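Dear colleague,

I am passing this structure on to you, together with some notes on what turned up when I went through it. Please look at it first and then read on.

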Amino acid sequence: MGRDTIADIITSIRNADMNKKRTVRIESTNITENIVKIFLREGFIENVRKHRENNKYFLVSTLRHRRNNSKGRYRTILKRISRPGLRIYSNYQRIPKILGGLGIVILSTSRGIMTDREARLERIGGEILCYIW
């Protein structure tokens, strides 16, 4: 059985966010690096650095905690959509809009991993990996 690295990223970030931790250590692969770059570009992560330990590379990410003055803390919601047992594909016209366009859909396309906005601009569909809002 193979490992689901995308689910590992999502679970690590979700758990660190719920426990109010600042850093997350994720095993480095090409897919995880591209997804973390999207998180960084969209503002869900403050900083990323590559760390080597025992001939393995890890991405150490610093999470951004958003705060609301009166009601406490906002949580970042990450939801895995396509998984190894059930792949979900969409063309560019049917890519869902999360919270009316405020959330982000991450897709794996023939041109790499990108957000829903980029996929609509390039008019290509792909596998829906996860939602973030």
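Is Pro96 buried, partly exposed or exposed? Please keep in mind, here and below, that this is a predicted model. With a relative accessible area of 23%, Pro96 is partly exposed, because that value falls between the 20% under which a residue counts as buried and the 50% over which it counts as exposed. Pro96 sits in the loop between strand 7 and strand 8, and, leaving aside its neighbours within four places in sequence, it is in contact with Val105, Asp116, Arg120, Ile128 and Tyr131. Pro96 and Ala7 are 89 residues apart in sequence, and from C-alpha to C-alpha they are 20 Å apart in space.

Leu99 also belongs to the loop between strand 7 (89-90) and strand 8 (104-109), and Leu99 is exposed, with a relative accessible area of 54%. Together with Leu102 and Trp133, Leu99 forms a nonpolar patch on the surface, and the accessible area of these residues together is about 340 Å².

Turning to the interior, the largest nonpolar core has 22 residues, of which Ile13, Ile35, Phe39, Ile106 and Ile132 touch the most other members. At least two residues of this core come from each of helix 1 (5-18), strand 1 (23-27), helix 2 (30-42), strand 3 (56-63), strand 8 and strand 10 (126-132), and it is helix 1 that gives the most, with five residues. Phe39 offers a good view of this region: when neighbours within four places in sequence are left aside, Phe39 is in contact with Ile9, Ile13, Phe44, Ile45, Leu78, Ile106 and Ile132. There is also a second, separate core of ten residues, which includes Ile95, Ile98, Met114 and Ile128.

Helix 2 also holds Thr32, which counts as buried at 1% relative accessibility. The side chain of Thr32 has two polar contacts that you may wish to look at: it reaches the backbone nitrogen of Thr29 at 2.7 Å, and a polar atom of the same side chain lies 3.2 Å from the backbone oxygen of Glu27. Not counting residues up to four places away in sequence, Thr32 touches Thr5, Ile9, Ile26, Glu27 and Leu59.

Ser28 is found in the loop between strand 1 and helix 2, and at 16% relative accessibility it counts as buried, since the cut-off for a buried residue is under 20%. With neighbours within four places in sequence left aside, the contacts of Ser28 are Glu33, Lys50, Tyr57, Phe58 and Leu59.

Finally, a point about the backbone. Most residues other than glycine have a negative phi. Lys20, although it is not a glycine, has a positive phi of about 60°; Lys20 is placed in the loop between helix 1 and strand 1 and is exposed, with a relative accessible area of 59%. Arg123, which is not a glycine either, likewise has a positive phi of about 60°; Arg123 is placed in the loop between helix 3 (116-122) and strand 10, and it is exposed, with a relative accessible area of 58%.

With best wishes

Notes. Residues numbered from 1 in each chain as written. Predicted model: local features only at pLDDT ≥ 70, side-chain atom pairs only at ≥ 80, totals over all residues. Heavy atoms only, no water. Patch = residues over 30% accessible without salt bridge, like charges linked within 9 Å, V, L, I, M, F, W, Y side chains within 5 Å. Areas by Shrake-Rupley, 256 points an atom, 1.4 Å probe, with all protein chains shown as cover. Salt bridge = Lys/Arg side-chain N within 4 Å of Asp/Glu carboxyl O. Helix = DSSP H or I, 4+ residues; strand = E, 2+ residues; numbered from the N terminus. Buried < 20%, exposed > 50% of the residue type's maximum accessible area, 1.4 Å probe, protein only. Core = buried A, V, L, I, M, F, W, Y, C linked by side-chain atoms within 4.5 Å. Contact = heavy atoms within 4.5 Å. Polar contact = N/O pair within 3.5 Å; in protein donor to acceptor, adjacent residues only side chain to side chain.
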